[in-house]
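Trainee: Could you take one part of this model and describe it closely, residue by residue where that helps? Please also place it in the context of the whole chain.

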Amino acid sequence: MSKPEPRPGMVEPNEARCPRCGKRYAYRSVKEHKPFPFCSVRCRDVDLGNWLTEKYVVPGPAPKPEESFEDESDD
Ligand SMILES: [Zn+2]
């Protein structure tokens, strides 16, 4: 058995594309690259922020103003 073992510390960088800004970046491991799959924390925060904002603003039926039936008679 002469299988070449991967040397520790010799992790080939993976390449990914930031879904936020589209920038290609290299990372060694997902564990090390915290903002994965984004290129940076900034991109992640921006995306997360947008997501939260969108979720926060739930498009719902606007509260109808009370229909005041004008039934004033000229008296
Ligand atoms: Zn990015």
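Mentor: Helices and strands are here DSSP runs, of H or I over at least four residues for a helix and of E over at least two for a strand, numbered from the N terminus. Residue numbers start from 1 along each chain as its sequence is written. The model is predicted, and local features therefore need a pLDDT of at least 70 and side-chain atom pairs count only at pLDDT 80 or more, whereas totals for chains, interfaces and linings use all residues.

By that definition the chain holds 1 helix and 2 strands, in the sequence order β-β-α. The pLDDT is the predictor's confidence in each residue, on a scale from 0 to 100. Its mean over the chain is 81, and 81% of the residues reach 70 or more. Among the elements, E2 has the highest mean pLDDT, 95, and H1 the lowest, 84. Where pLDDT is low, predicted coordinates should not be read in detail.

The part chosen for a close look is the pair of strands. Strand E1, residues 14-17, pairs with E2 in the antiparallel sense over 4 bridges; two strands count as paired if DSSP finds at least two bridges between them. Asn 14 has Tyr 27 as its bridge partner in E2, and Ala 16 has Tyr 25. The two strands form a hairpin with 6 residues between them, and Gly 22 in the turn has a positive phi of about 80°.

Tyr 25 lies in strand E2. Burial is judged by counting other C-beta atoms, placed from the backbone, within 10 Å of a residue's own: 20 or more make it buried, 12 or fewer exposed, and values in between partly exposed. Tyr 25 is partly exposed because 19 other C-beta atoms lie within 10 Å. Contacts are defined by C-beta atoms, placed from the backbone, that lie within 7 Å of each other. Beyond its neighbours within four places in sequence, Tyr 25 is in contact with Ala 16, Cys 18 and Cys 39. The C-alpha atoms of Tyr 25 and Phe 38 are separated by 8.9 Å, with their positions 13 residues apart along the chain.

After E2 (24-27) comes the loop towards H1, where Arg 28 is placed. Arg 28 is exposed because it has 12 other C-beta atoms within 10 Å. From Arg 28 to Glu 12 the C-alpha distance is 6.4 Å, at 16 residues apart in sequence. Pro 37 belongs to the loop between E2 and H1 as well, and a cis peptide bond with omega of about 5° joins Phe 36 and Pro 37. Most peptide bonds are trans.

Helix H1, residues 41-56, includes Arg 42. Arg 42 counts as exposed because it has 12 C-beta neighbours inside 10 Å. Its C-alpha atom is 9.8 Å from that of Arg 20, a residue 22 places away in sequence.

For the chain as a whole, 3% of the 75 residues count as buried. Of the contacts between residues at least 6 apart in sequence, 8% join residues at least 24 apart.

How values were computed. Contact = placed C-beta atoms within 7 Å.
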